[in-house]
Amino acid sequence: METMIKKYQQKFKKVKDEMSKWDDLQSRLISHFRNASSIISRLQIIQNSKNYASLNCVGGIEAAVMQKQMDSLQTILLSMKNTMEDFRGVVLSLEKLQHDGKQLAKGSSNQMNKKQLQHRIGVKPTLTNCIDGLVLLHEIYRDEYLLKSSLVSALSALALKPK
């Protein structure tokens, strides 16, 4: 039983690593989002020829500035898409860890009964707590990934929509 708990501790160490990776990705996504928001907020100003004053004499300046901003926005949106793929990788890893955690209890050499799964060794969690924890962590991160993915898709669709 104690060896089983140690195996779950190893699984939770891997989960902790994935959560750390998630935090790094979160920082990256926020940075991309800020940069995209800055560009989007400037687009209306860039489209107004009054804002170019004496630069209006330079042929095509308005279109060139607008194109440069749109190119930058597309690059940022592509980076956001790549970051979302990295988030997806974390979610898939968590899914595998929770699946493996369930299989660990089911496939142990001596099939565990409900009482053994709920047996507590000292202050350590029960095996049921471990399994439920892995499932819950996977669900939380999967749902957050789906929300982020929807927001990034909506932002891409709205930002690149011709006006």
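**Four helices, one core and some charged pairs**

Let me begin in helix H4, which covers residues 127-159, where Glu144 and Lys148 lie 4 residues apart and are therefore separated by about one helical turn. I should say straight away that what you have in front of you is a predicted model, and I will come back to this pair once we have looked at the chain as a whole.

The chain contains 4 helices and 0 strands, and if you read along the sequence the pattern that you meet is α-α-α-α. There are 163 residues in the chain, of which 32% count as buried, and the accessible surface comes to about 10600 Å², with 55% of that surface belonging to carbon and sulfur atoms. As for how the chain meets itself, if we take the contacts with a separation of 6 or more, residues 24 or more positions apart account for 81% of them.

Let us turn to the interior. Which residues have the most contacts inside the largest nonpolar core? They are Tyr8, Trp22, Leu73, Met80 and Phe87, in a core that has 36 residues. The elements that each give two or more residues to this core are helix H1, which covers residues 2-47, together with H2 and H4, and the largest share, amounting to 14 residues, comes from H2.

I would like to stay with Leu73 for a moment, since this residue has just been named among those with the most contacts inside the core. If we leave aside the neighbours within four places in sequence, Leu73 is in contact with Ala36, Ile39, Ile40, Ala159 and Leu160.

Another residue to look at is Thr83, which is found in helix H2, a helix that runs over residues 61-106. Is Thr83 buried or exposed? With a relative accessible area of 0%, which is under the 20% cut-off, Thr83 is buried. Again leaving aside neighbours within four places in sequence, the residues in contact with Thr83 are Leu25, Arg28, Leu29 and His32.

Now to the charged residues. Side chains of opposite charge can pair when their charged atoms come close. How many salt bridges does the structure hold? There are 4 of them, and I will go through some in turn.

In the pair I opened with, Glu144 forms a salt bridge with Lys148, and the closest N and O atoms are 2.5 Å apart. The two partners differ in how they are covered, as Glu144 is partly exposed, with a relative accessible area of 27%, whereas Lys148, at 10% relative accessibility, counts as buried.

In helix H2, a salt bridge joins Asp100 to Lys96, where the closest N and O atoms are 2.7 Å apart. Because Asp100 and Lys96 are 4 residues apart in that helix, about one helical turn separates them. Asp100 counts as partly exposed at 22% relative accessibility, while Lys96, at 53%, counts as exposed.

A further salt bridge brings together the side chains of Asp143 and Arg142, at 3.2 Å from N to O. Here Asp143 has 43% relative accessibility and counts as partly exposed, and Arg142, at 32%, also counts as partly exposed.

To draw this together, we have a predicted model of a chain with 4 helices, a largest nonpolar core to which H2 gives the largest share, and 4 salt bridges.

Conventions: Residues are numbered from 1 along each chain as its sequence is written. This is a predicted model: local features need pLDDT of at least 70, side-chain atom pairs count only at pLDDT 80 or more; totals for chains, interfaces and linings use all residues. Side-chain values use heavy atoms; hydrogens and water are left out. Buried means under 20% relative accessible area, exposed over 50%, partly exposed in between (1.4 Å probe, protein chains only). Contact means heavy atoms within 4.5 Å. Accessible areas come from the Shrake-Rupley method with a 1.4 Å probe; for residues, only the protein chains shown count as cover. A nonpolar core is a set of buried Ala, Val, Leu, Ile, Met, Phe, Trp, Tyr and Cys residues joined through side-chain atoms within 4.5 Å.
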